[in-house]
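Notebook open, model loaded. I want to look up how the rings pair and what the core is made of.

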Amino acid sequence: MNAVYKFLSEAKKKAESKEEKKQVLIKNYSSVLQQILEYTFNPNIKFAYKKAPIKYQPSDAPPGLSQSNMANEIRRAYLFMENNPRSSHITAKKRDELLMQLLESLEAKEADIFMSMMKKDLKIKGLTAKF
């Protein structure tokens with residue numbers, strides 16, 4: 001499976017029309033992409049973070065050699081959602097630590113996508129919930 005950032009980047013930079021962007025996303029459809037889009041555009045899902053933790057240091061691992069990947073880490077997104085009963089027992093400090101660890105385990109570009117997802121903006125013009 002290709003890294004999510006590769007085809008999101010393709011949709012952002014190379015696909016000019018809305019239809020071309022749609023085709024890029026359809027061609028590269030995966031459960032990970034589905035979850036990213038769901039978490040980004042579902043108005044009922046709110047994240048507790050709008051920016052990365054202050055001490056976060058992006059990974060400098062070469063592509064494909066990071067400790068983890070989006071397919072593994074997207075499952076942990078619930079930890080950072082507001083009012084999620086599965087994560088209500090986690091303190092704010094622990095949540096900060098978990099987010100920092102998660103982001104640092106991903107390739108820098110995937111970490112950017114994870115943060116963009118939490119901010120509810122993947123920074124792709126024309127990509128909306130109605131897309």
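Before I look at charges on rings, the cut-off: I count a charge as sitting over a ring if NZ of Lys or CZ of Arg is within 6 Å of the ring centre and within 35 degrees of the ring normal. I also note that this is a predicted model.

**Charge over a ring.** I checked Arg86 against that rule, and Arg86 lies over the face of Tyr78, 3.9 Å from the ring centre.

**Ring pairs.** How many aromatic pairs does the structure hold? I get 3. One of them joins Tyr39 and Phe47, edge-to-face, with 6.2 Å centre to centre and 80° between the planes. I looked up burial for both partners: Tyr39 counts as buried because its relative accessibility is 14%, under the 20% cut-off. Phe47 is at 1% relative accessibility, so Phe47 counts as buried too.

Next I took Tyr49 and Phe80, which also pair edge-to-face, at 6.1 Å centre to centre and 75° between the planes. Where do the two sit? Tyr49 is in the loop between α3 (31-41) and α4 (70-73), and Phe80 is in the loop between α4 and α5 (92-105), so this pair ties together parts 31 residues apart in sequence. Tyr49 and Phe80 are both buried. Ring pairs also bring in Phe114, making a cluster of Tyr49, Phe80 and Phe114.

**Core.** I pulled up the largest nonpolar core and found 38 residues in it. Those with the most contacts inside this core are Ile36, Phe47, Phe80, Phe114, Met117 and Met118. The elements giving two or more residues to the core are α1 (4-13), α2 (18-27), α3, α5 and α6 (108-119). Which element gives the largest share? That is α6, with 6 residues. In soluble globular proteins, nonpolar side chains tend to be buried together.

I then listed what Phe114 touches, leaving out residues up to four places away in sequence: Met70, Glu73, Ile74, Ala77, Phe80, Leu99, Leu102, Leu103 and Leu106.

**Helix α1.** I find Val4, Tyr5, Phe7, Leu8 and Ala11 buried in α1. The cover over the buried residues of α1 includes α2, α3, α4 and α6.

Last lookup: Glu10, also in α1. Is Glu10 buried or partly exposed? Glu10 counts as partly exposed, because its relative accessibility is 26%. Past four places in sequence, Glu10 touches Ala15, Val24 and Lys27. I checked the backbone as well: the C-alpha atoms of Glu10 and Val24 are separated by 7.4 Å, with the two residues 14 apart along the chain.

Methods. Residues are numbered from 1 along each chain as its sequence is written. This is a predicted model: local features need pLDDT of at least 70, side-chain atom pairs count only at pLDDT 80 or more; totals for chains, interfaces and linings use all residues. Side-chain values use heavy atoms; hydrogens and water are left out. Rings of Phe, Tyr and Trp (its six-membered ring) pair if their centres lie within 6.5 Å; planes under 30 degrees apart count as stacked, over 60 as edge-to-face and the rest as tilted. Buried means under 20% relative accessible area, exposed over 50%, partly exposed in between (1.4 Å probe, protein chains only). Helices (H or I, at least four residues) and strands (E, at least two) are DSSP runs, numbered from the N terminus. A nonpolar core is a set of buried Ala, Val, Leu, Ile, Met, Phe, Trp, Tyr and Cys residues joined through side-chain atoms within 4.5 Å. Contact means heavy atoms within 4.5 Å.
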